[in-house]
Structures are given as structure tokens and as C-alpha cells.
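Visitor: I have a structure open in front of me and I'd like to learn how to read it. Could you take me through it step by step?

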Amino acid sequence: MGTTDSRTDKNGKYGKNGTEYDVVVVGGGPVGLFLAGELRLGGAAVLVVERLTEVDETIKAGGINTAGAVSLYRRGLLPDLAAAWERNRWRMRAFLGDRDREGSDAPPAPPKFAGHFAGIMMRGDLFDASDPAFADIGPADGVGLGVPQVELERILGAHAERLGVEVRRGVELTGFDADDDGVAVHLDGGGTVRAGWLVGCDGGRSTVRKLAGFDFPGTEPEITGYQAVVEMSGGERLGVGWNTTDVGTYVNGPFPGRILTVEFDGPPADRSAPVTAEELQAALRRVSGVAEVTVHEVHSSTRFTDNARQASGYRKGRVLLAGDAAHVHSPFGGQGLNLGLGDAMNLGWKLAAVVRGTAPDALLDSYTAERHPIGAWVLDWTRAQIAVMRPDRHARALRRVVTDLALTTTGTTYLVKQISGVWQHYQLPGEHALTGQSTPDLELSDGTRLGDRLHGGRALLLDLADDPKLRARAEGYADRVDVLTVACPGRPELTALLVRPDGFVAWAADRDDEGGNGLDDALSRWFVAA
């Protein structure tokens, strides 16, 4: 087995140092599958174990934001995402404001944004698309909106399969033993797999997190919420979209039969108990005040709360967490799935580099350092929405103030920036304004875009000034960093960018910069051999 690439067969089996796999990922949902793909692109041998035997059809997230769509675009998955939008576009007509277009054969186009704050819907005519935060996003803008989580899981499952990730379904983690050299992962049925690293992507009630003893501080829940797809009668008496009442909040739509209710009566006694038609009907009648609505059949349903917790750190030795295993919160604002995809994109290339021996273990410290602040922000974003949704008089007064602010161009644009994730950045060393930012999707002179150049999951030094001295400084990193010399007519002030595998800018230079200051430090910081 080689020292720089542990891939020894097409299925990605056989890790380094006598392990069967370099990494075992527990949890085969979107985050676990995306992480597994990132690890394989980086040269790691990966096993995903998932307790469910089939893709989970339960209604969950209804789309991904701009930041999430950009991550998939950078791995060549934009056509798959667009096709999923195509399959779901018609049932989103009401959501896109097309209810008055009865009889029209024209399908709705993907929206530039969608979302709400505590059920206060954003208005497109108040959104300032010229805000610099939305510049150079590229073709991924808006494509993920309206794509259900189950569709995304299928896309990422196919992506992982193409890369040779081994996925074992119907297999559950029962325990593990970790030491300085690796992790013995115990699976139901008595089997044990030896791996170099273990990553828990197994959801909010993560077995990996609990067994490893991660701290999980946070705030207690106040609500019981239901989300379901049902067959019902009397639904025409319900308001469409988000509705606030004296009791709580309910949602009707964006497609027929989809309902959501929120009541501030504390958490459910048993979140794991089956959700019955009678239970949903009672909640919907209480919140809406419509006694005539009757739920006849439940196709898909889930309970949720606003329990908001975050692991103090995302790594303990050779065990790491990502996605809901690392942080939980209410679903309001649709941030959870996007947060998990960002975790996977950030962790994947770093852990793969450690596995290959081209980076020290200390590189993994930057995973928590970069992702924990964004997770903490999401928790507070959802807590703020709970505060505005409460049915007491103080909260309702606050809601009126927030609504007035939201229904301004400045307020709408601010909220859309937060919901879309375009604000996210990392505190990285360097003086250039782009350092630590998600890289702009530059249009290049060869007819490609920068996002097209990131599909392989490798770092990229973009030489925009045809500078042989600049390229020479990256020669010692040829096995880790690709170099591309090309022009960018639309951004003539830029002369070079060093883009990490996750698409974030590690270093940048303008024409007035002297000698590429900081490039050597950035290369050695992120890509030096262990």
C-alpha cells in the first residue's frame, strides 16, 4: 500500500497501517454521504454504515440554500440538482406565487431566493440583488431551493457510488474502542471493523457523540412541532403558507397535503412514538382554530422541538462529528442541512490529507475552529425565531417590529443574505479581502468558470497574470495543488488566487501587490507534508 494514496481497489477498501478502512462514517444521510465522497476524492478508503435499509422518505428539509448549492456545484453535481428541481417544480407553484396562473403550461423557474424568518415571508420586490454579497455566485444561485432532502440524499448516494464509496445499509454501530493508532468499530451482528478514524454523521441523537463523551451544552426546548404530508378534508378553510394565531403557528403548503404546526407547550413526551392522524388533526385544529379540518391518512410525518445544542469541540482523538451529530436546533429557516454540508466540505479534504500523510493531525484543529462559529450562529438564528414566534404579548409586539423591518429593502436583503449563507467566511491569515471567503465563481478566458475547475476536490493555484515566478513557488506541492494559468477579463485587478479544496480562498493577490506576499505561508499552512 502506498503512503500518499490508500486507494487500492475500485471500492476504496483497505486503509493504511493495516486498517481495513481509513475512515468509517456512521450515518448514510446527505451529510455522511457527502463527507464520504470528499474523503474518496482526497484518496481515503471509506466505509459508510447506515442503520436504515433504504433511503429515508420521511419529510424533512425542503431545499438547500445558496451556500449548499455552491458546494454541490463545485463537485460537478449541479446538473443533478437542477434535474431534481425539474422533478419538483410543479408542486412548488403555490410556494413561488404562481397560484393565479391556473391553466398556464409554463413551469416556474428556480427562484433567486426563498425563505422566511419566524414565518415572516420575504418579498422578492424588496430584495436588492445588486448587493455585493450576491456577486459572482455563478449558476448555482437558487438551484437547490425546493429540492427535498430525500432527493438530495439520492443525488449524493449516486455520487458516492461513482467514487467507489462502500455503503452498508441495515448496519448499526454498537460501540467502538479508540487508541492512538485507530478505532475498532463494533457493528451489530458481532462484526468489528478496524479504521484509522471514525466520524459520526448519525444525527441529533448521535450514538457516536454519546459513546465518545462529547460535551453537548445548549438550551432546553419550548415547543412541540409536527411536519407531515397527509390526506385531509377541510383544508380549503386553512390559510395558505405560514399563519400565526393566538395559540401558535401553522403552515399549509407549499404543496397539497403538507402541513406543519408549532405549539409552545413544551417538548413531546416521546419523540420516537409513531405520529398518528388523530394527533396531527388535534394539533392542526388547536393551532388553526378550524374545527372542520380532518386528517384521514398520514403519508409521512415527524415531530420536532427547538432543542438547541452544540458540541464544545468536533474532535476527540480519532473520533469526529459532523452535521446534526455536532449541533441540533429547530428547523426554522432551513439551516440544518446546509450547515451539515458545510461541515462535510470543510472536514473531508483535511481528514483525507491527514490520512494520506500529507498533513499533520493538527490540521484537523482548524475544522472545529472554522465550523464551530458558524454552527453557533445558526443556533442563535433559530433561537431568535423562537423568540419572535412565541404567542405571548411581548413576543407578538416584537414580531410586529421585526415584520416592519423585514418589509424594507434593507431588511429583506439582510435576511436573505443570512438565509442564503453567502455571508459565511473563515478567519484565515491574510490581508486580501477575499481571504477566508467562498471563492467567487470567476468567468475565465478559456470559457470555463472557476467552479468547473474544482470538481476533483483538489486545491488550485489560479495564475491570472501568467507569472512563471508565481507558478514556480508551487512546484513543491504538485501532488496537492493544481496550477492553472488563465485570464479573467471580468476581474482585471486580480492576479492570483489560492483556493482550498473546499472552495474557500486561502490567499489572493491584486496587481498592486508585490511579489505575491503571503503565498508561501499559505501553501505551507494548508498543504505542507506532515
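Visitor: Let's pick I374. Which residues does I374 touch, leaving out those up to four places away in sequence?

Guide: Keep in mind that this is a predicted model. With those close neighbours in sequence left out, I374 touches L339, W423, Q424, H425 and Y426. As for its place, I374 sits in helix α8.

Visitor: Is I374 buried or exposed?

Guide: The cut-off for buried is under 20% relative accessible area. I374 has 3% relative accessibility, so it counts as buried. For a feel of distance along the chain, take I374 and A384: they are ten residues apart in sequence, and their C-alpha atoms are 15 Å apart in space.

Visitor: How do I describe two helices that pack together?

Guide: Two packed helices are described by the angle between their axes and the distance between the axes. Here, try α7 and helix α8, which covers residues 365-389. Their axes come within 10 Å and cross at roughly 175°. That angle makes α7 roughly antiparallel to α8.

Visitor: Which residues make that contact?

Guide: On the α7 side you'll find L339, G342, D343, N346, L347 and K350. From α8 come S366, Y367, E370, R371, I374, G375 and V378. Sort the residues of this contact by kind and you get five nonpolar, four polar and four charged.

Visitor: I see numbers like 367, 370, 371 and 374 in that list. Why do such spacings turn up in a helix?

Guide: An α-helix has 3.6 residues a turn, so residues three or four places apart point the same way.

Visitor: Now the nonpolar core. How many residues does the largest one have?

Guide: The largest nonpolar core has 120 residues, and L351 and L498 are those with the most contacts inside it. Helix α7 gives this core its largest share, twelve residues. Look at L351: outside the four places either way in sequence, L351 touches V23, L39, W197, V199, L320 and L364. There's also a second, separate core of 16 residues, with L464, L484, V505 and A508 among them.

Visitor: What about a whole helix? Why is α2 described as largely enclosed?

Guide: Count the buried residues. In helix α2 (residues 66-73), seven of the eight residues are buried, so the rest of the structure largely encloses this helix. The buried ones are T66, G68, A69, V70, S71, L72 and Y73. They pack against α1 (30-41), α3 (78-88), α4 (149-163), α7 (336-356) and α10 (409-420).

Visitor: And what caps the N-terminal end of α2?

Guide: N65 does: one of its side-chain oxygens lies 3.2 Å from the backbone nitrogen of A67.

Visitor: How would I read a residue in a loop, say S206?

Guide: Start with its place, then check burial and partners. S206 is in the loop between β8 (192-200) and α5 (207-212). Its relative accessibility is 0%, so S206 counts as buried. Its side chain is joined to that of D202 by a polar contact of 2.6 Å. The S206 side chain also reaches the backbone nitrogen of V208, at 3.3 Å. Beyond four places in sequence, S206 is in contact with L321 and A325.

Visitor: One more, please: where is L35, and what is it in contact with?

Guide: L35 is in helix α1, and with a relative accessible area of 0% it is buried. Leaving aside neighbours within four places in sequence, L35 is in contact with V25, V199, C201, A344, L347 and G348.

Note on methods:
Residues numbered from 1 in each chain as written. Predicted model: local features only at pLDDT ≥ 70, side-chain atom pairs only at ≥ 80, totals over all residues. Heavy atoms only, no water. Buried < 20%, exposed > 50% of the residue type's maximum accessible area, 1.4 Å probe, protein only. Helix = DSSP H or I, 4+ residues; strand = E, 2+ residues; numbered from the N terminus. Contact = heavy atoms within 4.5 Å. Polar contact = N/O pair within 3.5 Å; in protein donor to acceptor, adjacent residues only side chain to side chain. Axes fitted to C-alpha atoms, helices over the stretch in contact; angles between N-to-C directions. Parallel < 35°, antiparallel > 145°, perpendicular 65-115°, else oblique. Nonpolar A, V, L, I, M, F, W, Y, C, P; charged D, E, K, R; others polar. Core = buried A, V, L, I, M, F, W, Y, C linked by side-chain atoms within 4.5 Å.
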